[in-house]
Amino acid sequence: MQALRGTQDILPKDIWKWNYVEKKIREWCRLYRFGEIRTPMFEATELFLRGIGDTTDVVTKEMYTFNDRGGRSITLRPENTAAVVRSFLEHKAYADDNVHKVFYIGSMFRYDRPQAGRFREFHQFGVETLGSYSPAADAECIALAVDFFHSLGLKDLKLLINSIGHVECRKAYRERLIKFLEPKKNQLCDDCKERLYKNPLRVLDCKEDGCKAASEGAPQITDYLCEDCHNKFEAVKKYLTALGIPYEIDSRLVRGLDYYTNTAFEIQY
Ligand SMILES: [Zn+2]
Ligand SMILES: [Zn+2]
């Protein structure tokens, strides 16, 4: 027998690397005052359908979903945010009116095409701040990620940031983007042809050449932000500058999950 495709054993000769990285994560999270949370590996399928949004690839194609012996639809967690929010609500953590900051490390599962560096069971570290709309929370999260990577000895990191606004400003932008892409529909890959009307923002971060070409010169979401979202984005930039963290604006940096709003960021190495 062999381990299933997209899974791997972590052997004793390698475990020290994992332990080292996880130790660094815990150290930085303690300094930034994020508390560890561990949620179950599987949840009711409905949590992810409603929580992540049913037009995303994660939900439409990549979930490990099955019926358990009691006939309930169960899904191995493809990400951890939905479960953190579920837990937050279930334990009425919101009742104390505080800002809640949590982090997690663990296995997530996506039925993805296995390729270099991508696994069907993969390991994710993430942080969530609940109960705050402050742009300072976004800057804090970015600063934590940058500090963590630096402490691993990674240099020359490139931080890309963007804002995708809130639901309403995104709606206006979506319409505009669909109008822009529609005449070039034939250039798009099959996935993007489908995404065009459901989730056109995803076309912007598609890696296919045709889609990249088609979205060249597309309207930028930062030009469609309402005053509040615009101010938030400006504040995030101001905080990053104050923290001495260099960044670049990347207007193609969007994330396809429906619940995402405002700041998006990526750190490249
Ligand atoms: Zn595409
Ligand atoms: Zn807005």
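Start by selecting the zinc ion (ligand 2): the angles among its four donor atoms run from 95 to 124°, and the site is tetrahedral. Keep in mind as you click around that this is a predicted model.

Now show the side chains that hold this ion. You want His166, through ND1, plus Cys169, Cys226 and Cys229, each through SG. These protein donors lie 2.1 to 2.3 Å from the zinc ion (ligand 2). Along the chain, the donors follow the spacing H-x2-C-x56-C-x2-C, so expect to scroll a fair way between Cys169 and Cys226 in the sequence panel, given the x56 stretch in that pattern.

Turn on a surface and look at two of these donors. His166 is partly exposed, with a relative accessible area of 30%. Cys169, on the other hand, is buried, at 5%.

Next, jump to the zinc ion (ligand 1). Here the donors are the SG atoms of Cys189, Cys192, Cys206 and Cys211, at 2.2 to 2.3 Å. This arrangement is tetrahedral too, because the four donor atoms subtend angles of 105 to 117°. The spacing to look for in the sequence is C-x2-C-x13-C-x4-C.

Colour by helix and pick out Cys192 and Cys211. Cys192 sits in helix H7 (residues 190-198) and Cys211 in helix H9 (residues 209-214), so this pair ties together parts that are 19 residues apart in sequence. Are these two cysteines buried or exposed? Cys192 is buried, with a relative accessible area of 0%, and Cys211 counts as buried at 1%.

Stay on Cys211 and show its surroundings. Leaving out neighbours within four places in sequence, Cys211 is in contact with Gln187, Leu188, Cys189, Cys192, Val203, Cys206 and Arg252.

Now widen the selection to the largest nonpolar core, which has 21 residues. Which of its members touch the most others? They are Leu177, Leu188, Cys192, Leu201 and Cys211, and two of the names there, Cys192 and Cys211, are also zinc donors from the stop you just made. Helix H6 (167-181), H7, helix H8 (201-204) and H9 each supply at least two residues of this core. H6 gives the most, with five.

For the last stop, move to another core, lying apart from that one. This one has 18 residues, and a handy way in is to select Ala143, Leu144, Phe233 and Leu240, which are among them.

Key: Residues are numbered from 1 along each chain as its sequence is written. Chains are lettered from A and ligands numbered from 1 in the order in which they are written. This is a predicted model: local features need pLDDT of at least 70, side-chain atom pairs count only at pLDDT 80 or more; totals for chains, interfaces and linings use all residues. Side-chain values use heavy atoms; hydrogens and water are left out. Donors are N, O and S atoms within 2.8 Å of the metal (3.2 Å for Na, K and Ca); water is not among the atoms, so sites may look incomplete. Four donors count as tetrahedral if all angles lie between 85 and 135 degrees; four count as square planar and six as octahedral if opposite donors are over 155 degrees apart and all others between 65 and 115; anything else is irregular. Helices (H or I, at least four residues) and strands (E, at least two) are DSSP runs, numbered from the N terminus. Buried means under 20% relative accessible area, exposed over 50%, partly exposed in between (1.4 Å probe, protein chains only). A nonpolar core is a set of buried Ala, Val, Leu, Ile, Met, Phe, Trp, Tyr and Cys residues joined through side-chain atoms within 4.5 Å. Contact means heavy atoms within 4.5 Å.
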